[in-house]
Amino acid sequence: MKKLTLVSLLFLLLVACQNKGNTDDAQQSIDSSPLNVTEKETQQNEGISTSQEKEEIPPVYLDETNYTGDQLEIVKLMNARMRYLYESDEKGYKNLFDPQSPISGMGRYKIRKITSISDIVIQEQKKLFQVAVTITELRENDKEYINTMVFWKKKQDGDFAQWVIADID
């Protein structure tokens, strides 16, 4: 008799659990009304647009084929600066600068492209060659910033002299 009672209780428990599952399914189909589906689609679309916003757009570099000699070396420095900012490569970024430069670290922004550049005119000083170039940068926030970049090439280094960034104002 005890076995029969125990089997009956287990059977009732099993039936009750099945009914609970059916009730949950019915509740779920009620929750899937057109309004809730639209809300879910909106949330998914927001997730997609957020991931697209986080996707980084690589910078558009200056066309190096338009330059030669020292001017080309300066343009290469500008492109390297954009690349190191994009890649968040602080070590590479710092290597572009003269050790006496007041620039001590890398900015936490990215440059999408340089939209204008003044003429690259080399000025000879006593101990170095110097260039001051005014550029307009389009940054990742779609705002334009005007900077003057100063480049040096030290005479004391002779044939091994290379252009470096001295400052950015």
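A nonpolar core is a set of buried Ala, Val, Leu, Ile, Met, Phe, Trp, Tyr and Cys residues joined through side-chain atoms within 4.5 Å. The exercises below use this term on a predicted model.

**Exercise 1. The order of the elements**

Task: State how many helices and strands the protein chain has, and in which order they run from the N terminus.

Solution:
- Step 1. The protein chain contains 4 helices and 5 strands.
- Step 2. Starting at the N terminus, the order is α-α-α-α-β-β-β-β-β.
- Step 3. The protein chain has 169 residues, and 27% of them are buried.
- Step 4. Its accessible surface is about 12100 Å², with 53% belonging to carbon and sulfur atoms.

**Exercise 2. The largest nonpolar core**

Task: Find which residues touch the most other members of the largest nonpolar core, and which element gives the most to this core.

Solution:
- Step 1. The largest nonpolar core has 26 residues, and Met-78 and Phe-151 are the ones that touch the most other members.
- Step 2. At least two residues of this core come from each of helix H3 (69-87), S1, S3, S4 and S5.
- Step 3. H3 gives the most, with 9 residues.
- Step 4. Leaving aside residues up to four places away in sequence, Phe-151 touches Ile-74, Leu-77 and Met-78, among others. Its contacts also include Phe-129, Val-131, Val-133, Trp-163 and Ile-165.
- Step 5. Another core, of 5 residues, lies apart from the largest one; among its members are Val-150, Trp-152, Val-164 and Ala-166.
- Step 6. As a general background, nonpolar side chains in soluble globular proteins tend to be buried together.

**Exercise 3. Strands S4 and S5**

Task: Determine how many bridges join strand S4 to S5, and whether the two run parallel or antiparallel.

Solution:
- Step 1. Strand S4 covers residues 144-154 and is joined to S5 by 4 bridges.
- Step 2. The two strands run antiparallel.
- Step 3. Within this pairing, Trp-152 stands opposite Val-164 in S5.
- Step 4. Strand S5 spans residues 164-168, and 5 of its 5 residues are buried.

**Exercise 4. Salt bridges between distant parts of the sequence**

Task: For the salt bridges Lys-154 with Asp-98 and Asp-142 with Arg-112, work out which parts of the chain each pair ties together.

Solution:
- Step 1. The structure has 8 salt bridges.
- Step 2. In the salt bridge of Lys-154 with Asp-98, the closest N and O atoms are 3.0 Å apart.
- Step 3. Lys-154 is in strand S4, while Asp-98 is in the loop between helix H4 (90-95) and strand S1 (111-117), so this pair ties together parts 56 residues apart in sequence.
- Step 4. Asp-98 is buried, at a relative accessible area of 5%.
- Step 5. In the salt bridge of Asp-142 with Arg-112, the closest N and O atoms are 2.0 Å apart.
- Step 6. Asp-142 sits in the loop between strand S3 (128-139) and S4, and Arg-112 in strand S1, so the pair ties together parts 30 residues apart in sequence.
- Step 7. Asp-142 is exposed, with a relative accessible area of 51%, whereas Arg-112 is partly exposed at 26%.

**Exercise 5. A network of charges**

Task: Name the residues linked with Arg-139 in a network of salt bridges, and decide whether Arg-139 is buried or exposed.

Solution:
- Step 1. Arg-139 forms a salt bridge with Glu-137, with 3.2 Å between the closest N and O atoms.
- Step 2. Arg-81 belongs to a network of salt bridges with Glu-137 and Arg-139.
- Step 3. Both Arg-139 and Glu-137 are buried.

How values were computed. Residues numbered from 1 in each chain as written. Predicted model: local features only at pLDDT ≥ 70, side-chain atom pairs only at ≥ 80, totals over all residues. Heavy atoms only, no water. Buried < 20%, exposed > 50% of the residue type's maximum accessible area, 1.4 Å probe, protein only. Pairing = 2+ DSSP bridges. Salt bridge = Lys/Arg side-chain N within 4 Å of Asp/Glu carboxyl O. Contact = heavy atoms within 4.5 Å. Areas by Shrake-Rupley, 256 points an atom, 1.4 Å probe, with all protein chains shown as cover.
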